[in-house]
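Here is a short tour of one protein model, written for someone who likes to know the cut-offs behind each term. Please keep the viewer open as you read.

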Amino acid sequence: MHFYITGDTHGNFNRIEEFCSENDTTKEDVMIILGDAGINYWLDNTDRQLKNDLSSLDITLFCVHGNHEARPWEAGDYEEVMWNDGLVYMEEAYPNILFAKDGEIYDFNGKSVMPIGGAGTINKDYRISHGLQWFALEQPDDTIKEFVEQQLEKSDWKIDIILSHTVPIKAEPTWAFKPRKEPITVDKGTEEWLQKIYDRLAFTEWYAGHYHVETESMGIRIMFENIDEICMEK
């Protein structure tokens, strides 16, 4: 089983389709998407058509929760199933499209892997007032945070790999922030909470998406369109 990883896709899977074709992947292989997959975005037939298309991909998608998408329980007939020693959200009709459960600890070729998704959206009020999609459950709530911290306690605050959407606040690539015409407002609660986790956690690798750049900060690799392999078998 091979584990590959990439950043936000926002509903465009061309690069993943090309990658699968070029690398002869199968549904036994996994492509990790670091949030904002764009699969549960419109909450109508547009999403179902995309899922139908993705079901023919020769790979299994493992999607971390972003901020521009609904939670699985808001979006369809998902159930929690065991997969690689942790619970994932899956629709029976699309068994190769999996959504990570924040705080679960998965076994990827012997590595402990924890997803911690979500983020605050820039200019939430602007999006709402202009009829753009916004999801009230975009950030981890207190229940999710408590579960994540309980899981970290059980693992003695040691995890091989963290998969997040955003990053601890001190690791933000502020140089990549684009100027906007409207006043910028964003809730940084998730970034501040992740900073507290970062300060306590012993980890080997940490990957994040969200910022649409390729860079590294404080030992955290922020990814966008590149695709790499992780958790290679020894």
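Is D156 buried or exposed? At 52% relative accessibility, D156 counts as exposed; buried means under 20% relative accessible area, exposed over 50%, and partly exposed in between, with a 1.4 Å probe and protein chains only.

## Ground rules

This is a predicted model, in which local features need pLDDT of at least 70 and side-chain atom pairs count only at pLDDT 80 or more, while totals for chains, interfaces and linings use all residues. Residues are numbered from 1 along each chain as its sequence is written, and side-chain values use heavy atoms, leaving out hydrogens and water.

## Two residues with positive phi

D156 sits in the loop between α5 and β9. Helices here are DSSP runs (H or I, at least four residues), as are strands (E, at least two), and both are numbered from the N terminus. D156 is not a glycine, yet its phi is positive, at about 60°. Most residues other than glycine have a negative phi.

H210 is also not a glycine and has a positive phi of about 75°. Its home is the loop between β10 (202–208) and β11 (215–217). With a relative accessible area of 18%, H210 is buried.

## Salt bridges

How many salt bridges does a search of the whole structure find? The search finds seven, each defined as a side-chain nitrogen of Lys or Arg within 4 Å of a carboxyl oxygen of Asp or Glu. One of them joins E80 and K101, with the closest N and O atoms 3.5 Å apart. Because E80 lies in strand β4 (residues 78–83) and K101 in the loop between β6 (94–100) and β7 (106–108), this pair ties together parts that are 21 residues apart in sequence. E80 itself is partly exposed, at a relative accessible area of 42%.

Another salt bridge links R200 to E153, and here the closest N and O atoms are 3.6 Å apart. R200 belongs to helix α6 and E153 to helix α5 (residues 142–154), so the pair ties together parts that are 47 residues apart in sequence. E153 counts as partly exposed, with 46% relative accessibility. The side chains of R221 and D228 also meet in a salt bridge, at 2.5 Å from N to O. Both ends have some exposure to report: R221 is partly exposed at 24% relative accessibility, and D228 is partly exposed at 30%.

## A buried glutamate and a buried asparagine

Where is E191, and what does its side chain meet? E191 is placed in helix α6 (residues 189–200). This residue is buried yet has no salt bridge, and the nearest side chain of opposite charge, K188, is 5.1 Å away. For the charge count, Lys and Arg are positive and Asp and Glu negative, with His and the chain ends not counted. The side chain of E191 does have a polar contact of 2.7 Å with the side chain of T166. A polar contact is a pair of N or O atoms within 3.5 Å; within protein, one must be able to donate a hydrogen and the other to accept it, and residues adjacent in sequence count only if both atoms are side-chain atoms.

N67 is found in the loop between β3 (60–63) and α3 (72–75). At 1% relative accessibility N67 counts as buried, and its side chain makes a polar contact of 2.9 Å with the side chain of H165.

## A negative patch

On the surface, E17, E18, E22 and D53 form a negative patch. Patches are made of residues with over 30% relative accessible area and no salt bridge, with like charges joined within 9 Å. Helix α1 (residues 14–23) gives the most to this patch, with three residues. E18 is placed in helix α1 and is partly exposed, with a relative accessible area of 49%.

## Pairs across the sequence

M1 is found in the segment before β1 (3–6) and is partly exposed at 34% relative accessibility. The C-alpha atoms of M1 and D29 are separated by 5.2 Å, although the two residues are 28 residues apart along the chain.

T185 lies in the loop between β9 (158–164) and α6, where it counts as partly exposed at 43% relative accessibility. Between T185 and Y126 there are 9.2 Å in space, C-alpha to C-alpha, and the two are 59 residues apart in sequence.

Conventions. Patch = residues over 30% accessible without salt bridge, like charges linked within 9 Å, V, L, I, M, F, W, Y side chains within 5 Å. Areas by Shrake-Rupley, 256 points an atom, 1.4 Å probe, with all protein chains shown as cover. Charge placed at Lys NZ, Arg CZ, Asp CG, Glu CD.
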